Amino acid sequence: MLLHINPALFKLLHGYPPWIMPTDGNLGDKNVQMGKPGHREGATMHVKKYLLKCLHRLQKGPGYTYKELLVWYCDNTNTHGPKRIICEGPKKKAVWFLLTLLFTALVCWQWGIFIRTYLSWEVSVSLSVGFKTMDFPAVTICNASPFKYSKVKHLLKDLDELMEAVLERILAPELSHANATRTLNSSIWNHTPLVLIDERNPHHPVVFDLFGDNHNGLTNSSASEKICNAHGCKMAMRLCSLNGTQCTFRNFTSATQAVTEWYSLQATNIFAQVPQQELVEMSYPGEQMILACLFGAEPCNYRNFTSIFYPHYGNCYIFNWGMTEKALPSANPGTEFGLKLILDIGQEDYVPFLASTAGVRLMLHEQRSYPFIRDEGIYAMSGTETSIGVLVDKLQRMGEPYSPCTVNGSEVPVQNFYSDYNTTYSIQACLRSCFQDHMIRSCKCGHYLYPLPRGEKYCNNRDFPDWAHCYSDLQMSVAQRETCIGMCKESCNDTQYKMTISMADWPSEASEDWIFHVLSQERDQSTNITLSRKGIVKLNIYFQEFNYRTIEESAANNLVWLLSNLGGQFGFWMGGSVLCLIEFGEIIIDFVWITIIKLVALAKSLRQRRAQASYSGPPPTVAELVEAHTNFGFQPDTAPRSPNTGPYPSEQALPIPGTPPPNYDSLRLQPLDVIESDSEGDAI
């Protein structure tokens, strides 16, 4: 016989599973009675039992009231203060309560200080000294003049003539007005002119052009210049935009600075329109600049240098860059094991108004790093032998969150415009890339001194007439600098080369004749001297010693330090430990548990009160509930109502209890070979 149970009844009985109850008393042979359901049904049964048990446990709660729970905690905790609050008399209870509260506040205060100190991510710096054979640094050398004047003279012809006229007007205004017969390229001057500002009356300054009438109604330019020169007027560069409707003045304290900056700005406009390959050919070639080279005991020449074009200095040459071959090690410290160079700077072919400094610009840096020689380089004088002793400092930063540094720049939100050189990340590359990006977005063009992303053009007066005014505003913008500094990060690992520099005249008067004869013969195959003291530079670069310093960051406050201080304060003020904290966490969980149970019970009672308030009639009888459960078409009789109240509202339904009486007719026994299909349930 199989036991048939109505499934609707099971749903009303809290979801209990329909276990098989055989009639022959065999409780263990479930496979025979159930048609071999397997082990999966047994596992499901145990899971349901366990979940039901957990549900009942959650509904029951800890079994304490708030007061009982608090008394139990104070009586059983290992912390000293709460025990005395329970055990002592009324007066001592108050004293121990105040002491416990005071020391708890002290512990929390100390914990806050220690946690805040730990989250400040402070670092401590350690200095260590090591000794080993080191790789020789990369050495970059550049000429102070970016181009040969003989190669760029045709490009600068109009600008040079205008520059000469400006100098004549500054030095001898009367003669310049009398001899103003030559034709000048006024387009260059009108775009960015130099002006004189008479500030004797600060409220009404007088501004007038060097080559034209002033802008405040004065017509006699020569007389104004006489007055201005006599009283020392300021010279400034006028930068205008929007067809001259919006202008700013860049002031200078000296005319030398003014004309130098003005010429450099105009030369930038000219060179920005020339292809880079042509600019490379106009600069100094390596075979003419590098006369002699010796690294340790090995000879070298210009082929051992890598050439790059640096806009401010033209062609620059890098020794031991490490791009295509392994970096060269230094065998020993001392001058005999370093790099020796003799260079010809060709000072006689310098651009007169562009290069006001004569010599060689050089820089020591790591392999595979881009040389920002304008900012980090040093000069070596012509006619001297410059010896440079090198010491190495290695910096190792911890990185986030201790130090705002980056390993390779991948997380820096600035596009690296120097990536075409395949060099490592540096903060200088990031800052200049950031400035160029702001320049492109603000001025619609890029500056000539920085790399240009694909698809953009360099600024020039022809295509971008307002670029000089835009560039000046951006260069003076504090907000732009702070934005770039905030986005760029230092490199986590860096190597710095500390240099000790000494100089002496070279060659000496006694030896210069034969030295210049030999060098002229080697370079020009000439028996005559083609070199001079003013164009020769000798360099000696070497390690002073193989000792190197490592400056390394470490966490000043680590997790062990934090836990030790937290535990020490807790134990000192309250005599507690980690187990006491676990006990306190347990009591907090029980408090929350009891609160949730009370809130759920309150919500249920409010819901029941609302239901009783909406249903004002008498409750249904048991017979009506049973009939309504078994017969879905059953409609209860409505009792007559008084004329004032009327019948029940049509939309209001009678409440159905959660557990109606069992329907005994649904339990029926059948033979094993007969399985009856019932519309309201399945045979189990």
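Which residues touch the most other members of the largest nonpolar core?

## Nonpolar cores

In this predicted model, the largest nonpolar core holds 59 residues, and those that touch the most other members are Leu-194, Trp-262 and Trp-467. Helix α12, which spans residues 255–271, gives the most to this core, contributing eight residues. A second core, separate from this one, is made up of 35 residues, among them Ile-141, Leu-364, Ile-378 and Val-392.

The surroundings of Trp-262 can be described residue by residue. When residues up to four places away in sequence are not counted, Trp-262 touches Leu-159, Leu-162 and Met-163, and also Trp-189, Thr-192, Leu-194 and Met-237. Leu-194 thus appears among the contacts of Trp-262, and both residues are named with Trp-467 as touching the most other members of the largest core.

## Strand β12 and its partners

Strand β12, formed by residues 339–344, is mostly covered, since five of its six residues are buried. This strand pairs with strand β8 (residues 290–295) in the antiparallel sense over five bridges, and within that pairing Ala-292 stands opposite Ile-342 of β12.

Strand β12 is also joined to strand β19 (residues 536–555), again in an antiparallel arrangement, by six bridges. Here Lys-340 stands opposite Asn-540 in β19.

## The annotated transmembrane region

An unreviewed UniProt entry lists residues 94–114 under "transmembrane region". In the model, this span is 100% helix and 0% strand, and its end C-alpha atoms lie 30 Å apart.

Notes. Residues numbered from 1 in each chain as written. Predicted model: local features only at pLDDT ≥ 70, side-chain atom pairs only at ≥ 80, totals over all residues. Heavy atoms only, no water. Core = buried A, V, L, I, M, F, W, Y, C linked by side-chain atoms within 4.5 Å. Buried < 20%, exposed > 50% of the residue type's maximum accessible area, 1.4 Å probe, protein only. Helix = DSSP H or I, 4+ residues; strand = E, 2+ residues; numbered from the N terminus. Contact = heavy atoms within 4.5 Å. Pairing = 2+ DSSP bridges. UniProt positions renumbered as here; feature names shortened; annotations may be inferred.
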